[in-house]
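Here's a quick tour for anyone meeting this structure for the first time. Have a look at the picture, then read on.

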Amino acid sequence: MKTIRRILTAATLLAFTGSALADATIKAGPRKGRLLEVEKDKAEFFVEKDRTVSIDFYDNEMKSKPAADHVVTATAEAPSGKVKLEFEKKGDLLVSKAPLPEGEHYTVVVQVKAGADAKPKNFRIKLDLSTCAGCSNPEYACTCDE
Ligand SMILES: [Zn+2]
């Protein structure tokens with residue numbers, strides 16, 4: 001009886017640790033972009049071929065929703081200097097008005113607010129545009145366990 005209880009405790013502990021880790025892992029959206037959790041919504045950070053950044057929004061059930069009152073800004077911490085990107089509405093997306101500065105392997109800080117008066121949330125994304133062989137996502141949205 002004692003042994004069983006001990007095994008159960010270990011299993012519960014493992015399950016708990018497992019879910020805690022899962023929360024910290026990177027999630028990717030339908031466009032293979034990096035999924036960012038913003039209050040009740042999710043925003044998908046995606047780098048287009050022309051190096052502009054587009055942000056798609058989803059509700060909690062991952063249903064696409066138009067960009068509403070969301071305010072997004074991004075700062076590219078490029079080796080040539082920090083560049084601030086502003087976003088404008090294009091259809092249901094928010095798209096950066098300018099492309100990302102040249103190069104990669106620098107950090108892009110994305111700030112998302114659910115509304116003009118909402119608390120901003122910052123996400124630091126390491127810009128790596130090569131495709132991951134494991135999950136076939138861009139490396140900045142790689143969901144592999146490493
Ligand atoms: Zn991967």
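Which residue in the turn between β2 and β3 has a positive phi? That would be R51, with a phi of about 70°. The turn belongs to a hairpin formed by β2 and β3, with five residues between the two strands. Keep in mind that this is a predicted model.

**The overall layout**

Let's step back for a moment. The chain has one helix and nine strands. Reading from the N terminus, the helix leads off and the strands follow, in the order α-β-β-β-β-β-β-β-β-β. The chain is 146 residues in length, and 24% of them are buried. As for contacts between residues at least 6 apart in sequence, 44% join residues at least 24 apart.

**Strand β3 and its partners**

Strand β3 covers residues 53-58, and it's a good place to start exploring. Here are the strands it pairs with:

| Partner of β3 | Residues | Sense | Bridges |
|---|---|---|---|
| β2 | 41-47 | antiparallel | six |
| β4 | 64-65 | antiparallel | two |
| β7 | 93-96 | antiparallel | two |

β3 also makes a hairpin with β4, again with five residues between the strands. In that hairpin, M62 takes a positive phi near 65°. One of the bridges here links Y58 with S64 in β4.

**Zooming in on I55**

I55 sits in β3. On one side of the story, I55 is the bridge partner of F45; on the other, I55 is bridged to L94 in β7. Both of those residues turn up again among the contacts of I55 beyond its neighbours within four places in sequence, a list that also has A43, E44, V72, F87 and L93.

Is I55 buried or exposed? I55 has 22 C-beta neighbours inside 10 Å, so it counts as buried. The C-alpha atoms of I55 and A67 are 8.5 Å apart, and the two residues are 12 apart along the chain.

**Over to C144**

Now for a residue outside the strands we've looked at. C144 is found in the segment after β9, the strand at 121-126. Because just 12 other C-beta atoms lie within 10 Å, C144 is exposed. Leaving out residues up to four places away in sequence, C144 touches C132, G134 and C135. A133 is 11 residues from C144 in sequence, with 9.7 Å between their C-alpha atoms.

Methods
Residues numbered from 1 in each chain as written. Predicted model: local features only at pLDDT ≥ 70, side-chain atom pairs only at ≥ 80, totals over all residues. Helix = DSSP H or I, 4+ residues; strand = E, 2+ residues; numbered from the N terminus. Buried ≥ 20, exposed ≤ 12 C-beta atoms within 10 Å, placed from the backbone. Contact = placed C-beta atoms within 7 Å. Pairing = 2+ DSSP bridges.
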